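Reader: Could you take me through one part of this protein chain up close? I would like to see how a single stretch sits within its surroundings.

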Amino acid sequence: MDMGKIMKQARQLQEKMSKLQDELGTKTVEATTGGGMVKVVANGRREIQSIQISPEVVDPNDIEMLQDLTLAAVNEALRKAEELATAEMSKIAGGMNLKLPGLM
């Protein structure tokens, strides 16, 4: 292959990846624990957007349960966000195993 063609393809891939990063900021995933008592929403950049806690799960005598439910929901939301980013990345990378700094 000629070097000019390779450089052009690299620029196109870089532009697609930059656009993907922007798009991932607008796509969200959510995870819940405790039968929906704790809900966490994250975007495709693995940034937590919101945490909702149902008043019924707030028990001053059992703070540890609330902490555990919140931690589990956050970790699940981040896992789902990473799956979303990986799936979207594979669409533009043609199955190549690439990782974007700050995304994965």
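Author: Happily; here is a walk along the hairpin, followed by a stop at one alanine. This is a predicted model, in which local features need pLDDT of at least 70 and side-chain atom pairs count only at pLDDT 80 or more, while totals for chains, interfaces and linings use all residues. Residues are numbered from 1 along each chain as its sequence is written, and side-chain values use heavy atoms, with hydrogens and water left out.

First, the setting: the protein chain has two helices and three strands, ordered α-β-β-β-α along the sequence. Helices (H or I, at least four residues) and strands (E, at least two) are DSSP runs, numbered from the N terminus.

Now to the hairpin. Strand E1 covers residues 28–33, and its partner E2 spans residues 38–43. The two run antiparallel, joined by six bridges; strands count as paired if DSSP finds at least two bridges between them. One of these links joins threonine 28 to asparagine 43 in E2. Four residues lie between the strands, and in that turn glycine 34 has a positive phi of about 60°. E1 also has two faces: Val29, Ala31 and Thr33 are on the covered one, whereas Thr28, Glu30 and Thr32 are on the uncovered one.

Finally, the alanine. Alanine 85 belongs to helix H2, residues 63–93. This residue counts as buried because its relative accessibility is 1%, where buried means under 20% relative accessible area, exposed over 50% and partly exposed in between (1.4 Å probe, protein chains only). Its C-alpha atom is 6.9 Å from that of leucine 24, although 61 residues separate the two along the chain.
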